[in-house]
Amino acid sequence: MYLKKVAFAGALAFTSSAAYAGCGLSGGNVNVLANEFGAIQAVIDGAEECEGDGVTVESNLTVDHRDIQVAALSADPAQYTSAVVANSSIVPLINGDLIRPLDDLVAKHGQDLDKTQLITVDGKIMAVAFMANAQHLFYRKDILEEAGVDVPTSYDEVLAAAEKIRSMGLMEDPFAMNTGTGWNLGEEFVNMYMGTGAPFFEPGTANIAINNEHGVAALNMLKSLVEYSNPDFLTFDSNETQARWESGDLALAVMWGSRGGSILDGEGASEEIVDSTVLAAAPTLEGDNVASTLWWDGFTIAKNISDEDAEATFVAMVNGIGDDVIRANNEAAVWLSSAYEPTPASAGVAATAASGATPYPMLPYMGLLHTAAGGELSEFLQGSESAQQALADIEAAYTTSAKEQGFVK
Amino acid sequence: MKHRTFFWFILPSLAAMIAFIALPLVSVVVQSLHVEHEQITSVTENCGPFGCNEEVTVDSEATAALRAEKPLGRFNGLGTYFDRGHLATEEVAAAWQARSSLGDFFSRLYNLPLYKAIAFTLTYTFVVTPLVIMLGLAIALGVNRLTPALKGPTIFVSLLPMIVTPLIGSLILFWMIDAQGIIGKSLQWMFDDPQLSLKASPTLTWITLMIYGVWHSAPFAFVVFYAGLQTVSSETLEAAKIDGASRWQQVRYVVIPHLMPLAVFVSLIQLMDNFRVFEPIIGFSAQANASSLSSIIFTDLRGDVIRFNSAAATSVITVIGVAILLTPVLIRTWRDFKGKAV
């Protein structure tokens with residue numbers, strides 16, 4: 001009897017939720033390719049509410065999404081109806097003409113979207129952003145107080161604070177950033193070079209322009225910083241730096257803002273560490289130039305799919321970033337929505353944006369520079385190569401690949 | 001067998017070999033000879049949550065037209081093979097001109113990605129292969145002397161490193177050698193150096209990767225040699241004993257000559273495998289200190305811009321490298337074969 005009741009209640013619950021299913025759609029298939037972290041999981045869960053009445057919602061959340069998106073969306077029909085991208089990973093999709101302009105869909109179903117959420121390229125809406133991200137400073141209030149230093153706002157002050165903490169014997173290696181060889185290290189170089197205020201490329205061309213005194217300044221700062229890092233710094237990615245922060249090994253770190261929520265949630269770190277963790281703006285390098293880049297995450301709709309699927313995908317994704325989802329997951333990210341209430345976990349990204357940081361360049365050849373920097377800096381940071389040689393190597397590696405890709409003659 | 005019958009007999013496997021080995025190889029070679037079209041770009045105004053920017057974008061319509069006309073891209077001949085990412089002929093010549101000593105030349109060479117990868121790949125291959133053969137033989141001889149009751153469990157345990165997926169095996173070891181891990185901490189205690197880190201220094205990383213390589217591959221050599229040991233003629237061994245041969249002399253003059261063809265086989269397979277070393281570099285996050293030909297192909301195929309042409313050129317160079325490496329062993333096998341046929 002009891003079981004029957006449960007089954008009946010379950011059936012009732014199912015039918016009642018099915019009443020809203022389909023989100024007013026008559027049909028269509030939704031299949032989303034995205035990165036894997038908590039905030040995106042929440043968005044996909046929100047999109048799945050549209051399932052039913054002929055609408056199917058599937059997803060593939062993987063950290064390797066960037067490596068498969070071009071191949072998956074090149075197929076006709078495309079393997080996924082939507083790819084969740086960031087400033088850098090949208091570029092290959094635009095280059096390959098693999099995503100469709102969303103103007104008509106935004107006009108039809110996007111009344112609730114804020115205008116700042118719309119990513120336009122040459123006047124056409126190509127993506128809808130839903131969260132912001134940036135690398136910025138995390139610091140331990142208690143350790144800084146004990147060392148008697150103020151909150152650092154520039155990297156020179158970060159160095160001074162780290163030195164004080166080390167010399168007082170509070171911590172041997174108080175600092176960390178995501179310096180793992182590859183994409184992570186490339187990102188640290190891009191951020192640090194941003195802090196010099198100099199351009200990455202010669203204006204109007206794809207010719208690289210980092211082999212100069214600005215490049216040397218950025219590299220020397222990176223080198224000085226890793227002196228205060230654990231010797232394993234060339235293997236550090238986000239998971240590693242977060243784990244070291246939560247185990248109390250660090251007093252100062254530059255990490256992604258999207259990690260703030262999971263550090264402050266009290267799971268994985270002791271109360272003492274959580275209570276004294278503060279998120280602040282990214283430090284500056286030269287003058288007022290913030291050494292960080294601003295990022296957005298947003299969704300795109302594939303070109304090689306039917307209009308019905310495209311519409312279903314758009315409606316489901318808009319539902320996924322709807323006010324209810326954002327209120328329920330307020331802590332998970334820095335949402336770009338009017339329903340979002342700022343939290344301590346978003347303070348760092350907000351402060352970084354307010355301090356004048358610029359977005360990561362959406363240039364078609366930026367990825368090549370990023371890869372070149374990520375691969376050629378390890379020896380310099382280990383001390384077996386000069387800054388000039390490392391910059392010359394980045395320049396040569398970039399130029400080789402840019403020639404091969406047809407950006408440089 | 002008549003030629004005609006023979007042809008029909010091997011046709012299915014021949015067709016499969018052409019479809020799955022020859023054609024992909026041809027396609028890789030063709031790709032390595034081409035590069036992307038020149039990109040047609042224009043400056044557009046792009047807007048987002050952080051404001052508007054004038055930025056360069058690729059003109060997708062014009063690019064699509066170019067691609068439709070020539071889907072393979074621009075023909076570049078052997079250009080990709082000689083660029084800095086591969087054989088780097090210009091850079092090598094410049095390094096030779098500017099050298100102050102031979103050591104200086106090699107350190108300049110080592111700064112180029114392909115030569116750096118070749119240095120590690122060859123060192124790895126020539127250190128790991130002989131050690132695997134020796135260790136495999138030693139384990140096989142040891143297990144062969146065990147009492148039957150112990151043989152089964154010992155063989156199973158000896159095979160474990162090979163059963164464990166390479167990536168998982170290397171990840172587990174990676175955590176153990178971490179400065180906080182059991183091996184890492186023990187080493188720090190043994191050498192009384194709290195800053196000792198196996199991941200930080202290139203030399204220690206190379207040693208770690210090679211020890212892992214031996215650990216992972218020794219069971220393969222062991223299994224092959226153990227099977228071979230079962231076929232050693234007991235009469236010859238007994239005759240050697242009667243002649244007063246010691247245990248070592250029996251191994252040296254009876255067992256090893258008997259196992260020689262198997263040693264050739266194992267070294268053939270190991271040379272090929274070790275030349276393509278890849279998983280431990282990823283598993284140990286060792287890209288900073290060690291790169292192999294396979295790992296630079298992997299890097300080309302990841303990221304925002306995928307460089308098929310560059311990866312294809314490195315693949316062809318790898319195939320040529322394997323061929324060169326195997327030539328001595330193959331020549332030897334061919335001679336043996338001819339000697340037997342006569």
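These notebook entries record what I looked up about the contact between chain A and chain B.

Entry 1, the model. I noted at the outset that this is a predicted model.

Entry 2, the contact. I looked up how many residues each chain brings to the contact, and found 50 residues from chain A and 41 residues from chain B. I then listed the elements of chain A that each supply at least two residues to the side touching chain B; among them are helix 3 (65-74), strand 4 (118-121), strand 5 (124-140) and helix 18 (387-404). Helix 18 of chain A gives the largest share of that side, six residues. By class, I recorded 24 nonpolar, 19 polar and seven charged residues on the side of chain A that touches chain B.

Entry 3, strands across the contact. I turned to strand 4 of chain A, which pairs with strand 2 (residues 41-48) of chain B in the antiparallel sense over two bridges. Here T120(A) stands opposite C47(B). Within chain B, strand 2 also runs antiparallel to strand 3 (residues 51-58), with eight bridges joining them. I noted V56(B), in strand 3, as the bridge partner of V43(B). A hairpin of two residues links strand 2 and strand 3 of chain B.

Entry 4, one residue. I chose V121(A), which lies in strand 4 of chain A. Is V121(A) buried or exposed? V121(A) counts as buried because it has 21 C-beta neighbours inside 10 Å, and the cut-off for a buried residue is 20 or more. Leaving aside residues up to four places away in sequence, V121(A) touches I94(A) and M126(A), together with T44(B), N46(B) and T57(B). I also looked up T153(A), 32 residues from V121(A) along the chain; their C-alpha atoms are separated by 34 Å.

Technical notes: Residues are numbered from 1 along each chain as its sequence is written. Chains are lettered from A and ligands numbered from 1 in the order in which they are written. This is a predicted model: local features need pLDDT of at least 70, side-chain atom pairs count only at pLDDT 80 or more; totals for chains, interfaces and linings use all residues. Two residues are in contact if their C-beta atoms, placed from the backbone, lie within 7 Å. Helices (H or I, at least four residues) and strands (E, at least two) are DSSP runs, numbered from the N terminus. Ala, Val, Leu, Ile, Met, Phe, Trp, Tyr, Cys and Pro count as nonpolar, Asp, Glu, Lys and Arg as charged, and the others, Gly among them, as polar. Two strands pair if DSSP finds at least two bridges between them. A residue is buried if 20 or more other C-beta atoms lie within 10 Å of its own, exposed if 12 or fewer, and partly exposed in between; C-beta atoms are placed from the backbone.
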